[in-house]
Amino acid sequence: MDAVVEGLEPQAATAEDAARDATDAVDAGPGVTPLLAGNRLSLDLYPGGCHRLLHLCAQQPHQLLEVEFLQLSGHEDPQLLEATLARVPGSLPRLRSLVLKGGQRRDAGGASLRGSLTTLPAGLSGLACLAHLDLSFNNLETLPACVPQMRSLGALLLSHNRLSELPEALGALPALTFLSVTHNRLQTLPTALGALSTLQRLDLSENLLDTLPSEIGGLSSLAELNLASNQLQSLPASLAGLRSLRLLVLHSNLLVSVPAGLDRLPLLTRLDLRDNQLRDVPPELLDAPFVRLQGNPLGEAPPDPCSPPGTPVVREMPRLFLTSDLDSFPVTSQGCSVTLACGVRLQFPAGATATPVTIHYRLWLPEPRLVPLGPHDSLLSGVLELQPHGVAFQQEVGLWLLFVPPRARRCREVVVRTLSDDSWSDLETQLEEEAPKRLWAHCQVPHFSWFLVVSRPVSDTCLVPPEGTLLCSSGHPGVKVTFPPGATEEPLHVCMQVVRMASRELRALLGEPEGAVSPLLGLSQSGDPSFLRPVTVQLPLPPGVTGLSLDRSRLHLLYWAPPAATWDDITAQVALELTHLYARFQVTHFSCPPRYWLWYTTKTCVGGLARKAWERLRLHRVNLIALQRRRDPEQVLLQCLPRNKVDATLRRLLERYRGPEPSDTVEMFEGEKFFAAFERGIDVDADRPDCVEGRVCFVFYSQLKNVKEVYVTTTLDRQAQAVRGQVGQWSRVPQDVWTAAGALNPTSSHPKVSFYRGAVPEEVPEEAEAARQRKGADAMWMATLPIKLPRLRGSEGPGQRLGASLSLAPLNLGDAETGFLTQSNLLSVAGRLGPDWPAVALHLGLPYRELQRIRHEFRDDLDGQIRHMLFSWAERQAGQPGAVGLLVQALEQSDRQDVAEEVRAVLELGRRKYQDGIRRTSLAPGDLGPSGPSASQSLEPAQA
């Protein structure tokens with residue numbers, strides 16, 4: 001029995017070798033045999049794929065006649081691509097699937113770039129067997145004329161193009177079962193669409209449709225209809241005749257009514273009507289469990305339609321919903337309401353601009369040069385740029401920005417900050433709450449620039465006239481500034497901010513129980529900083545101190561104004577008037593701006609203590625963590641967390657991740673840069689703005705997520721990613737995931753990741769123990785945490801090239817007889833699914849609620865949605881029989897025959913290698929016998 005068990009080890013290894021051989025066959029070069037893998041020809045991941053195909057067509061090998069699946073990149077030269085496609089009908093007569101997608105290349109921000117494809121040669125209509133055509137992520141403005149002539153076409157994918165209409169000839173496709181035209185610019189649909197009697201799935205989401213033709217009710221086989229994120233105000237009654245309909249998605253439109261009878265569709269399992277303008281729906285829909293109605297003004301009274309005679313008719317303001325592939329929109333004198341893909345809303349009133357103007361927008365990741373923060377400010381959003389800069393509107397434009405709810409709200413306020421005339425200023429801001437965790441900052445802007453949302457201490461402002469006035473703090477009523485008559489000749493704007501320090505933190509700093517401080521007062525003004533008459537400032541005495549019992553020798557009034565580095569004790573320079581509860585003094589100017597602080601302590605060097613206390617007010621206590629995914633140990637998650645959130649976050653993460661305890665508490669400033677560096681020979685190799693000199697760069701913002709994930713692979717694995725779609729680019733995966741590649745030193749049994757503040761260190765210390773001794777306030781090192789790389793397989797002799805033998809833990813999806821799907825194979829599948837992933841997920845058995853959660857967690861990140869869905873499903877299926885078959889079945893049910901065939905090809909190679917391994921080890925079915933010494937000895941060559 002022992003011999004049989006041992007014999008399974010080389011067979012399992014053989015299955016993994018088969019998966020690697022499947023990818024090596026594609027990557028071997030321009031030869032005929034390596035490029036042709038069975039009936040598939042995948043050239044979309046190769047530079048010069050068109051040249052390779054033309055070379056094959058010129059040679060005319062007999063294998064070319066068997067090709068049924070062809071993939072080319074849409075990023076090829078347009079003329080070369082057209083010439084290559086013209087050769088396809090004559091050279092590949094049995095072609096069933098043609099994929100000409102763009103999207104493999106990405107811009108500096110990680111967004112997918114469109115391909116160069118704008119049309120197709122007319123000769124492609126001669127592909128009599130073509131059943132699957134994918135033209136997604138290209139620049140098609142009209143549907144090529146040859147497409148409606150492809151009579152065998154069953155699946156047509158046109159997502160992420162620039163189509164504004166579809167031709168009537170599209171209704172002549174008798175075999176079409178799946179049509180996807182998402183993320184385009186469709187405004188109308190052809191009436192002939194209703195003639196597609198075999199159509200089962202229709203996805204028209206993320207377009208500009210405002211009406212539907214009544215002929216759509218003729219789609220007798222339609223099971224899924226997605227019309228989300230359009231501009232529909234009504235629906236045709238014929239929708240109630242779609243007796244095969246199971247899924248109807250209509251969220252994020254402008255619907256004010258729905259046709260009767262939708263609840264009586266016999267197979268309908270989900271009707272999504274969220275985020276529309278429905279004020280009333282039929283009672284049967286209100287009670288139906290499959291209907292979703294959140295985000296509608298249900299029960300609210302409509303506006304009064306009655307108007308006095310002669311009242312001019314006001315045209316309704318146009319509403320635009322921008323998709324993720326659009327970065328601009330037009331605005332006319334009529335005005336419009338715009339919702340950007342990132343969630344930002346704008347409202348241009350009528351007459352805001354006299355002439356048409358095109359508005360461009362971009363959402364920037366926060367970094368110090370784009371985020372101006374005061375000493376006690378916190379960032380709550382990304383940075384929105386609206387162009388053209390500085391162009392003044394004739395009426396102010398409404399702007400709504402989403403932001404993260406701040407953790408501390410007492411005596412703080414949320415404002416929108418903008419750049420105007422080369423200086424940053426805060427706009428008057430109102431907060432609107434759509435849900436407990438969905439908050440909007442609303443303001444009016446006169447022109448466009450950069451905008452961000454910050455939390456700051458409450459600012460009280462007033463206009464000081466020559467007659468004088470009184471300025472009081474709204475958060476601390478005891479803080480007042482009195483401006484006497486004649487203090488100024490011209491009106492001045494004065495601003496006050498007050499910050500309180502917790503008594504517990506102060507006592508820990510001073511080391512004395514009776515020490516106390518007043519609130520910190522900051523003042524600023526516009527214009528001349530000097531006053532004509534002295535201004536009286538009132539501060540409350542420190543807590544626990546009264547004017548009747550205090551020791552004046554222990555009372556210190558401190559003053560600070562930038563750019564000074566220290567706080568000055570000015571008690572002896574002012575006439576300090578004390579009452580029972582307050583201290584008053586007079587000043588003649590506000591400069592730089594000044595800050596005043598009243599201390600009560602027995603310490604003598606109060607200025608130095610005040611500097612430390614002021615820094616403590618601005619510091620955030622955080623912990624650093626480094627975790628590895630349990631079933632994917634080469635994926636390392638690095639995160640900086642506020643101390644009070646560590647336990648809750650770890651409880652949530654440790655279901656999927658494992659790793660060491662978090663670091664000791666570290667203190668960091670808002671907007672401070674820090675870096676993560678892998679030690680023990682692992683280098684980060686990534687062409688990204690957040691990778692500096694081989695280190696991973698963070699910018700700490702206390703209210704935002706400070707998290708990144710890296711893949712730690714060997715150089716060999718990184719080269720193999722050419723087969724997985726990683727050539728010359730970095731895929732955009734959840735929360736900034738990229739690849740950290742490097743060769744491991746033979747002594748690297750315990751690699752580590754260290755975190756450093758300030759600038760990138762010239763050298764990373766080899767031993768964490770030596771670095772730990774540098775605990776001064778200015779030390780760059782913050783923490784070092786260990787990580788565990790997957791075990792090395794094979795011999796561990798010191799002379800071996802460990803980088804070549806490093807093997808990551810297999811996912812074990814499948815079994816030895818039917819074949820394994822490794823992590824590399826799943827990455828390849830994920831890279832091919834694109835916008836079809838929700839259908840695949842539903843056929844895999846994932847509940848719709850989980851799909852919604854994934855969409856929300858990785859919004860604006862399509863690759864992140866796909867990978868998270870596929871790998872979370874695979875983790876649950878690991879070790880379960882029939883998992884691979886379930887995946888193939890789900891791909892087929894989702895009309896992704898091309899991907900299903902690829903999976904079958906990988907499995908077939910694995911089965912062949914498995915059978916060869918059995919024959920090599922004399923364990924063929926006819927030769928199986930009792931286990932014994934001879935059987936055990938026969939395994940040695942295979943294991944070697």
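Analyst: A helix crossing is called right-handed if the near helix is turned clockwise from the far one by less than a right angle. This is a predicted model, and α15 passes α16 in just such a right-handed crossing.

User: Happy to start there! Which residues make the contact of α15 and α16?

Analyst: On α15 they are L870, W873 and Q877, and on α16 they are A883, L886 and L887. Five of these contact residues are nonpolar, one is polar and no charged residue takes part. The axes of α15 (residues 862-877) and α16 (residues 883-893) come within 10 Å and cross at roughly 145 degrees.

User: Why is α12 called oblique to α15?

Analyst: The axes of α12 (residues 823-833) and α15 cross at roughly 140 degrees, coming within 9 Å. Roughly antiparallel needs an angle over 145 degrees, and roughly perpendicular covers 65 to 115. The value lies between those ranges, so α12 is oblique to α15.

User: What makes up the contact of α12 with α15?

Analyst: From α12 come Q823, L826, L827, V829, A830 and L833, and from α15 come I866, R867, M869, L870, F871 and A874. By type, that is ten nonpolar, one polar and one charged. L870 of α15 also belongs to the contact with α16.

User: How do you know whether C57 and C697 are buried or exposed?

Analyst: Buried means under 20% relative accessible area. C57 has 2%, so C57 is buried. C697 has 10%, so C697 is buried too.

User: And how many disulfides does the structure hold?

Analyst: Zero. A disulfide would need a pair of cysteine sulfur atoms within 2.5 Å.

Note on methods: Residues are numbered from 1 along each chain as its sequence is written. This is a predicted model: local features need pLDDT of at least 70, side-chain atom pairs count only at pLDDT 80 or more; totals for chains, interfaces and linings use all residues. Side-chain values use heavy atoms; hydrogens and water are left out. Axes are lines fitted to C-alpha atoms, for helices over the stretch in contact, and angles run from 0 to 180 degrees between N-to-C directions. Helices (H or I, at least four residues) and strands (E, at least two) are DSSP runs, numbered from the N terminus. Contact means heavy atoms within 4.5 Å. Ala, Val, Leu, Ile, Met, Phe, Trp, Tyr, Cys and Pro count as nonpolar, Asp, Glu, Lys and Arg as charged, and the others, Gly among them, as polar. Buried means under 20% relative accessible area, exposed over 50%, partly exposed in between (1.4 Å probe, protein chains only). Angles under 35 degrees count as roughly parallel, over 145 as roughly antiparallel, 65 to 115 as roughly perpendicular and the rest as oblique.
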